[in-house]
Amino acid sequence: PMKLALQVTTPDGNIDAITENISANGILFNAADLPPIDSHIEFTIKMPAAVMGSGEDLLIQCIGRVVRHQWLNGEGQAAAIIDEYFLRI
């Protein structure tokens, strides 16, 4: 899986995170502070041009909600469903 840095915006403030897994429907990310389950989040992922097969990096702005937490080797992870997304170049 590709690990990308992102900033997650929550009702309680911003959280710095690293992606663990991304699909069209959701995201799993690692963070020191996890947003509460059922909280609404927004984030923008910068997909490298080489990965997308395009001439420029692609920005994907996402709106979603946290559905679960898990811990792996002492690291907090949050899973979120992506309800809406917008592509930007």
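**Strands, a core and two polar side chains**

In this predicted model, Q77 lies in strand β6. This glutamine is a good place to begin a tour. With a relative accessible area of 3%, Q77 is buried, because buried means under 20% relative accessible area. The side chain of Q77 has polar partners there. One polar contact, of 2.8 Å, links the side chain of Q77 to the side chain of N30, and another, of 2.6 Å, links it to the side chain of Q70. Leaving out residues up to four places away in sequence, Q77 touches E20, L28, F29, N30, L34, R68, H69, Q70 and L72. Both polar partners, N30 and Q70, thus appear among these neighbours.

One of the residues that Q77 touches is F29, and F29 leads to the nonpolar core. The largest such core has 19 residues, and V8, I27, F29, I41 and F43 are those with the most contacts inside it. Two or more residues of this core come from each of β1 (5-10), β2 (13-22), β3 (26-30), β4 (40-47), β5 (58-72) and β6 (75-88). Again without counting residues up to four places away in sequence, F29 touches V8, A17, I18, T19, E20, P35, I41, G76, Q77 and A78. This list includes V8 and I41, which are also among the residues with the most contacts inside the core.

The strands themselves come next, starting from the N terminus. β1 and β2 run antiparallel and are joined by 6 bridges. Within this pair, Q7 stands opposite D16 in β2. The two strands form a hairpin, with 2 residues between them. β2 also pairs with β3, again in the antiparallel sense, over 4 bridges. Here the core residue F29 returns, since T19 stands opposite F29 in β3. β2 and β3 form a hairpin too, with 3 residues between them.

A contrasting setting is found at R65, which lies in strand β5. Is this arginine buried, exposed or partly exposed? With a relative accessible area of 32%, R65 is partly exposed, because that value falls between the limits of 20% for buried and 50% for exposed. The side chain of R65 makes a polar contact of 3.2 Å with the side chain of D83. Apart from neighbours within four places in sequence, R65 is in contact with S39, H40, I41, A79, A80, I81 and D83. I41 is therefore a link back to the core, being in contact with R65 and touched by F29. As for K46, this residue and R65 are 19 residues apart in sequence and 19 Å apart in space, C-alpha to C-alpha.

Key: Residues are numbered from 1 along each chain as its sequence is written. This is a predicted model: local features need pLDDT of at least 70, side-chain atom pairs count only at pLDDT 80 or more; totals for chains, interfaces and linings use all residues. Side-chain values use heavy atoms; hydrogens and water are left out. A nonpolar core is a set of buried Ala, Val, Leu, Ile, Met, Phe, Trp, Tyr and Cys residues joined through side-chain atoms within 4.5 Å. Buried means under 20% relative accessible area, exposed over 50%, partly exposed in between (1.4 Å probe, protein chains only). Contact means heavy atoms within 4.5 Å. A polar contact is a pair of N or O atoms within 3.5 Å; within protein, one must be able to donate a hydrogen and the other to accept it, and residues adjacent in sequence count only if both atoms are side-chain atoms. Two strands pair if DSSP finds at least two bridges between them.
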